[in-house]
Amino acid sequence: MSNKDSWNSADLVNAYVNEHALQKPEETILGIVKDKLNNWRMLDLGIGLGRTTLHFAPLVKEYVGTDYSFGMIKTYQKLFPETNPNVQVRLSDARMMQEFESGYFDFILFSFNGIDYISHEDRIDALKEVKRIGKKGGLFVFSTHNLQYVDNLYTIKLHNGLRYSAYQCYRYFRLIYENGFPGKYRDKDFAILNDGAHHFKLNTYYIKPAAQVEQLERLGFKNIRLFSLKTGGEVEKARLNGAGKDSWIYYLCEI
Ligand SMILES: C[S@@+](CC[C@H](N)C(=O)[O-])C[C@H]1O[C@@H](n2cnc3c(N)ncnc32)[C@H](O)[C@@H]1O
């Protein structure tokens, strides 16, 4: 099953129905941009069921949300029978966004690791598209899984009852079966892993923070800042190689 098919399935769509709160780094970033939002056109890529719509759409001049999963868009439209003409939602793939003109958006968000469900080559295409449709000097925010966290995936938490513990053991051995041992990834900059999320239904891109910064710089993004999932605080550039506690990290950069 492809990632796109998985995101279209009822299981994954339903998993997001009760997600409403912002993650800590999203709160930090909202605090940084809040005063400017009322003048901005925002594109929210991979909106899923609109967790971020709740927080951002009321604050911006124009809000466009997109997702490549028909299941997500259909359910989103049931949850938000929108009447505000400044809020639009449509089916669209972040890899090819020819429906949007160049330099249109002031602020582009790809939250909760949406960018991690495409191949490396497609990721580069999606980032180039963000660069094209974003205004020069505008902002791009996204999160991505941290390859330096991988050792922590391979832990068995034996508590909370027999059923939970049995699943943890199954998960541990399935992780080894799907991905090999974690040591395999130490010398890599990025890798695609099946990390067990949503019962092993997704292949997910993981990247080392320093390599992510380099990837963005190579594509022309500037003033890149990183924010920790655990604390919401900024991660110092000098300490990127030691950043292993966050399963994913938020990036804020200038287009
Ligand atoms: C983890 S969910 C996050 C949903 C929502 N943004 C949130 O923060 O709650 C990732 C979303 O990204 C979408 N997605 C993944 N790849 C995409 C692509 N190439 N184009 C558009 N949407 C994509 C998925 O369909 C899914 O809805």
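His198 is partly exposed in this predicted model. Its relative accessibility is 23%. That value falls between the limits of 20% and 50%, so His198 counts as neither buried nor exposed. The residue lies in helix H9, which spans residues 197-200. Its backbone deserves a second look. His198 has a positive phi of about 50 degrees, although it is not a glycine.

His199 belongs to helix H9 as well. Here too phi is positive, at about 55 degrees, and the residue is not a glycine. Is His199 buried or exposed? Its relative accessibility is 55%, and exposed means over 50%, so His199 counts as exposed.

The ligand was examined next. Where does the ligand sit? It occupies the largest pocket. A shell of 18 residues surrounds it. The closest of these are Gly46, Arg51, Asp67, Ala94 and Ser111. By residue class, the shell divides into eight nonpolar, six polar and four charged residues.

Three atom pairs show how the protein meets the ligand. In one, a polar side-chain atom of Arg51 lies 2.8 Å from an oxygen atom of the ligand. In another, a polar side-chain atom of Ser111 is 2.8 Å from a ligand oxygen atom. Ala94 takes part through its backbone: one of its polar backbone atoms is 2.9 Å from a nitrogen atom of the ligand. How much of the ligand's accessible area does the protein cover? On its own, the ligand has 590 Å² of accessible area, and the protein covers 99% of this.

Ser92 lies in a loop. This loop runs between strand S3 (87-91) and strand S4 (105-110). The relative accessibility of Ser92 is 7%, under the 20% limit, so the residue counts as buried. Which side chain does Ser92 contact? Its partner is Glu99, and a polar contact of 2.7 Å joins the two side chains.

Tyr16 is also a loop residue. Its loop connects helix H2 (10-15) and helix H3 (24-33). Tyr16 has a relative accessible area of 17% and is therefore buried, since the limit is 20%. Its separation from Tyr63 was computed from the C-alpha atoms. The two tyrosines are 47 residues apart in sequence and 20 Å apart in space.

Ser143 sits in strand S5, which covers residues 134-146. With a relative accessibility of 0%, Ser143 counts as buried. How far is Ser143 from Leu158 in sequence and in space? The pair is separated by 15 residues along the sequence and by 29 Å in space, C-alpha to C-alpha.

Lys131 is found in helix H6 (residues 120-133). Its relative accessible area is 27%. Buried would require a value under 20%, and exposed a value over 50%, so Lys131 is partly exposed. Lys131 was also compared in position with Ile108. These residues are 23 apart along the chain, and their C-alpha atoms are separated by 9.6 Å.

Technical notes. Residues numbered from 1 in each chain as written. Predicted model: local features only at pLDDT ≥ 70, side-chain atom pairs only at ≥ 80, totals over all residues. Heavy atoms only, no water. Near = heavy atom within 4 Å. Polar contact = N/O pair within 3.5 Å; in protein donor to acceptor, adjacent residues only side chain to side chain. Areas by Shrake-Rupley, 256 points an atom, 1.4 Å probe, with all protein chains shown as cover. 1 Å grid on protein atoms, 1.4 Å probe; cavity = no way out; pocket = protein on both sides within 12 Å on 5 of 7 lines; lining within 4 Å. Sits in = over half its atoms within 2 Å of the grid points. Nonpolar A, V, L, I, M, F, W, Y, C, P; charged D, E, K, R; others polar. Helix = DSSP H or I, 4+ residues; strand = E, 2+ residues; numbered from the N terminus. Buried < 20%, exposed > 50% of the residue type's maximum accessible area, 1.4 Å probe, protein only.
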